[in-house]
Amino acid sequence: MRANRIVAFILSNLIWFLLVAIVAFFALITRNFLTTANFINILFNASVLGVLVIGQSFTLLTGNFDLSAESTLGLCGLLGIFFITRSGPPLYGSGWMLSPVLSLLIVHAIGLFIGLANGVLITKMRVNNFVVTLAMLITIRGVTLLVNNGQTAYSVSSAYNWLGLGKAGPIPIPVIVFLLLFILGNIIIVSTPFGRELYAIGANRNAALASGVRPEARIIQVYMISGLLAAFAGWMLSARLTNAMSSMGKGMIFEVFAAAVIGGVSLKGGQGSLIGALGGVLLLTTIGAGLNLMNVSVYWIQAIRGLIILIAMIIEAQKMRISTLASAAAPRSKTQVSTG
Amino acid sequence: MAESQPYFVEMKGVTKDFPGVRALSSVDFRLRSGGELRGLVGKNGAGKSTLMNVLTGVYPPDAGEIVIQGKSFSRMTTSQAKQMGISYVHQYSQLIPPLSIAENVFCGNLPTTRLGLVDWEEVYRQTQERLGRLGLMIDVRRKVEGLSVAERQIIEIAKALFADARVIILDEATAPLPKHDVDLLFSFVRLQRERGVTFVYISHYLEEIFELCENVTIMRDGNNIGDYPVSELTTAELIRLISGTEVERFHHALPSADSTSILVVRELSRQGAYNRMNMTLRKGEIVGLTGLEGCGKDSFARGLFGLEALGDGEVLLDGKRYRASDPRNALNRGLAYLPRDRHGFGIIGLRSIKENVTLPILSRLTNALGLLSQKKESDLVSKLIKLLDIATPSMAQPVQFLSGGNQQKVVFAKLASVAPKVLLLDEPTQGVDVQAKVEIMRIIDRLSREQNVAIIVISEEIRELLDLCDRILVMFKGTIVAEYHSGDPKMTVERILHAVEGTAQQ
Amino acid sequence: MTRNKAAMIPLLLDNLIWGLLSATVIVFSMLTNRFLSVDNLTNILVHSAVLGIMVIGQSFTLITGNFDLSAESNLGLIAVLGAFLLTAAGEPSNGSGLMLNPVLTLLVMLATGLLIGEINGLLITRLRMNNFVVTLSMMIIVRGLAFLITQGKTVTNLPASFKVLGHGSLGPFPISVIVVIGGFLLASAITHSTRFGRDLYATGGNREAALASGIDPDKRILQAYLISGGLAALAAWIELGRLGVGATRIGEGMIFEIQAAAVIGGISLFGGRGTMIGALGGVLLLSSINAGLNLMMVSGFAIDMVRGIIILAAMLLDAQKVRYKAPAGAAARSSHPVEMKG
């Protein structure tokens, strides 16, 4: 009996056990792994991915994918710089010289709008969410290429770049922001009616509807959240790099899914936690950092990452199987709730 | 077409148990060789489908023997059943919609030319010819997805016949069909009967049994009550055989009903569902609503709750105009609904009892910051768990791990948390063990007496409605055809069943 | 709606692609006078070759109701693997130094494609994993492997004999065009006229019914993935000939175009419907639009955007089409009621 409980505990917190194991592994193999500087670096690298994962987790909880997030990141990151920079070489901006504040407001509004479009197409027009966000992924990337004719835009605005390069003491601003957003996101998901409804919609949309939830409105809202956060992540990344290539963010979406799935957010919806997703982000980034310190070639790291994703998916598929078998075999409980 | 055996199918002493219930109790069932149109009737849970599932090898019997064409089996596999000529045509389709009729008929078995390529000429020619021999003129190149439901069923029957089926089981074949389609299906079935095919026709529609069948077998509580030639039975007798006598289990104490009406329905009509519904519901009243599947009672309830369109007409809730655009709307106005499909629309299996119960009223359980208050939630949920006697180690238990009865109680708890004025319950005791059935009926009774909730109970269990309701309304093909009041000697199971079947009692 | 009009709609929808293609050709020939030149038309066909072969492969899996998202990465890996085996080590070729015989290389390429297809198929049918998830993961892993092999560098100096498929001509006809058209004709024959092909449609149309009819859906799905993998090898051979080099990023981003061409051509993402010839039409349409916009000097990025919109529209249409063609339940009324005699 106790063995069962221990196994259950490990399985539900698997990601943290894995993380500890990985850290221990790298600490043994490489020098310099267990340093504050390294950990801060890991968090720094995790920040942009992390923000995207927050947004994706919101949609995944309702059982929906948002494949377009990486393209929204790319577009908004580019536009953010594009609006505030002068035109022509060497910066290649628009020349409109908007204030950073205005530019960022517009860019986030665009993120919201993309989310709205996704949400409406999926709920009102009833098109499959994979298909819609896939098409959006392509279209938005196309628009991004169009905006500056494929040319990279460079930012010389310290106000704009602060989000990527600023520091509060030894801690980079992106890390602080990323952690704050995670905390905020977690509070929303765990402790608000809104969050509860998301789980309900993902687990059984019809029953949620019959319980007074409005799934369509919520789904549109989570896509808007995902779009907004993708825009924010675009700002973060372009600020950090102080430039925005038109291919910025391309290919990131797979890592986003990987981190979410590894962290226990089910692709079917209705299950998982943001904390778990955070674990997934940290695991992927730690592995990347560790392999880097070991001077492993970038390409091996890529391949290994892909392998981890596959393994994570296999585990998730087996977990589904085990839980369906378990519910079928579960003894019908007869004990009473303690009164009082 | 002389068969070597007098009986094509003999089921002897077949018993089948499921956890907690004996579905078949030493049942004998025989089908003669040479063709027959046999009706198979009985209430929900009487064992009709289970019997046929045992015959076709879906369930192995726990006792008894199956003899087909003289060969004896203690248990069968589905492929054996097919080989022995027994075929089950279900309500859901086993056809492939984007493909043609001909290709569906030959699915997995397409004839090929000498080169090994599909011989489409042959496919179409043979299908056309074989369907023609069955008496069917239809363009076999048409895609199945363009066919009506009746046509699809005919094709499925044809497919079974081409696989040399001698016994074809039709299970509730006509439920989704409009009248002229039923005629089409029946003509086809009769044609095949003349060729020596036996049909076992399972249906709730007694008038169809009388129209189509030669003999009828009646099941009740897992027993075969008997086989009768249809010509020797009147509808009344058939109904009496189906319903039998049962021990009383629960009695609703007649309330002194508050005379205020809470729900008024006027001339409510929705095409294809129900027609000119009129009713008045008073506070604390329990009204039963019954009828055959497809009579409109479910659409009516779902329409009131906002899960379906409501149609034309007027509804007043608590004196004010009412029309729910979605369930949230309905709940806000004080009307709640317990769905018939518990797993699809009732419970969220993956989530905990607590989450299920509080889902409709989350906004009421927040603190000053707008965040959910743990205390408010657990207080409410534990109160409801205690009130409804839900058996569970904790409120964090995912609902999917509870028994059927307890799951249903969770749905009740959820509805109770809303404190509705009007409650619509669709088959509240379905799929629930006997003990829990009584408990649920007590809960319904308490809600009406203590909370003055007006309740409509939709059910096909007339016995339960008699125990529970102040009034019973009967619907038939979309209209309310009868109303019975508690205390009226005319409110008997038989009379109600007549009304349900659409036959008048002499 | 009169009976004739009602019968027209499915007919229109099925052949929509040819209408669209004709319209596109007409529009572009009006907008730019070079569109209808032999040069341009040949160009369209040549550029369609690689996409076309990939679309054939994808269509096989789509008909069974499954995606193969790894296809673009398969193309990339197999291409660089082949190039790697053929060429000398170190700069500037960046090959393995094995200088493997071209025929042997082709066999290795084919084997790789089949292996990936087998892995995809097994994970999906045996482990019952979701096809989107599996092929998505494989897409990443396989691309990673490509990078691993080339270390990010481009492999050059391919032997001329090897490039014949992508670069050579038979008289006035580019070989790649012959191959792709031949491929579509063969695939069409297979899907239309063999039991194997019909089993694929049954599997995608209603898996349970297929199973009940004695078909082995899992075997067919596995075979479809093998075909997709194998065809990626063929496409890689053509692409290496066309490009002349083994670039690590070959195929990157192509998956969207592949899906779009298939869907536009009538292959439903839901499985069970569509034809290979239709898919060919989809390929031609996308390539024509590409060529036409290019001729009109539209920026490459605008073309990307237009492509995205086309894909979205195609998939919206697919979803609507399936809804229209398969109305469920009692509301279904037959377009031509059946008659009975006797």
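A residue counts as buried if 20 or more other C-beta atoms lie within 10 Å of its own, as exposed if 12 or fewer do, and as partly exposed in between. Keep that rule at hand for this tour of a predicted model.

**Stop 1: two turns in chain B**

Select Asp221(B). With 15 other C-beta atoms within 10 Å, Asp221(B) falls between the two cut-offs, so it is partly exposed. You will find Asp221(B) in the loop between strand E10 (215–220) and strand E11 (223–229) of chain B. Now look at its backbone: phi is positive, about 50 degrees, although Asp221(B) is not a glycine. In general, most residues other than glycine have a negative phi.

Next, select Asp318(B). This residue sits in the loop between strand E15 (312–317) and strand E16 (320–321) of chain B. Its phi is positive too, near 55 degrees, and Asp318(B) is likewise a residue other than glycine. Is Asp318(B) buried or partly exposed? It has 16 C-beta neighbours inside 10 Å, so it counts as partly exposed.

**Stop 2: the two domains of chain B**

Stay with chain B and colour its two parts. Domain 1 covers 7–93 + 165–243, and domain 2 covers 261–501. The centres of domain 1 and domain 2 of chain B, taken over C-alpha atoms, are 34 Å apart. Where the two touch, domain 1 of chain B contributes 12 residues and domain 2 of chain B contributes 10 residues.

Which elements of chain B give two or more residues to the domain 1 side of this contact? They are helix H7 (206–212) and helix H8 (235–243) of chain B. Select H8(B) in particular, as it provides the largest share of that side, five residues. By class, the domain 1 side of chain B that touches domain 2 of chain B holds five nonpolar, five polar and two charged residues.

**Stop 3: chain A as a whole**

Now show chain A alone. Its secondary structure amounts to 14 helices and four strands. The radius of gyration of chain A is 21 Å, close to the 20 Å that the globule rule gives for 340 residues, so chain A is as compact as a globular protein of that length. Turn it around and you can picture a box of roughly 75 × 55 × 40 Å, along the principal axes, filled by its C-alpha atoms. Of the 340 residues in chain A, 54% are buried. Among contacts in chain A between residues at least 6 apart in sequence, 76% join residues at least 24 apart.

Colouring by pLDDT is a good next step. Chain A averages a pLDDT of 86, and 92% of its residues score at least 70. Then select residues 329–340 of chain A, where the pLDDT is below 50; beyond near neighbours in sequence, this stretch has 14 contacts in the model.

**Stop 4: two cis peptide bonds**

Zoom in on Pro89(A) and Pro90(A), which are joined by a cis peptide bond with omega about 0 degrees. Pro90(A) belongs to the loop between helix H4 (69–84) and helix H5 (100–123) of chain A.

Move over to chain C and select Glu91(C) and Pro92(C). The peptide bond from Glu91(C) to Pro92(C) is cis, with omega near -10 degrees. Pro92(C) is in the loop between helix H4 (71–86) and helix H5 (102–125) of chain C. As a general rule, most peptide bonds are trans.

**Stop 5: a helix in chain C**

Select residues 217–243 of chain C, which form helix H11. From first C-alpha to last, the 27 residues of H11(C) reach 38 Å, close to the 39 Å expected at 1.5 Å a residue. Show the surroundings as well: 22 of the 27 residues of H11(C) are buried, so this helix is largely enclosed by the rest of the structure. H11(C) is followed by Gly244(C), where phi is positive, near 90 degrees.

**Stop 6: where the chains meet**

Display chains A and B together. Here 28 residues of chain A are in contact with 34 residues of chain B. On the chain A side, helix H9 (193–203) and helix H10 (205–210) each supply at least two residues. That side of chain A has 11 nonpolar, 13 polar and four charged residues.

Finally, swap chain B for chain C. The contact takes 31 residues from chain C and 32 residues from chain A. Helix H6 (131–150) and helix H14 (300–325) of chain C are the elements that give two or more residues to the chain C side. How many residues come from H14(C)? It gives 12, the largest share of the side of chain C that touches chain A. This side of chain C divides into 22 nonpolar, six polar and three charged residues.

Conventions
Residues are numbered from 1 along each chain as its sequence is written. Chains are lettered from A and ligands numbered from 1 in the order in which they are written. This is a predicted model: local features need pLDDT of at least 70, side-chain atom pairs count only at pLDDT 80 or more; totals for chains, interfaces and linings use all residues. Two residues are in contact if their C-beta atoms, placed from the backbone, lie within 7 Å. Ala, Val, Leu, Ile, Met, Phe, Trp, Tyr, Cys and Pro count as nonpolar, Asp, Glu, Lys and Arg as charged, and the others, Gly among them, as polar. Domain bounds come from an automatic or database domain assignment. pLDDT is the predictor's confidence in each residue, from 0 to 100. The expected span of a helix is 1.5 Å times one less than its number of residues. The radius of gyration is taken over C-alpha atoms; the globule rule is 2.2 Å times the number of residues to the power 0.38.
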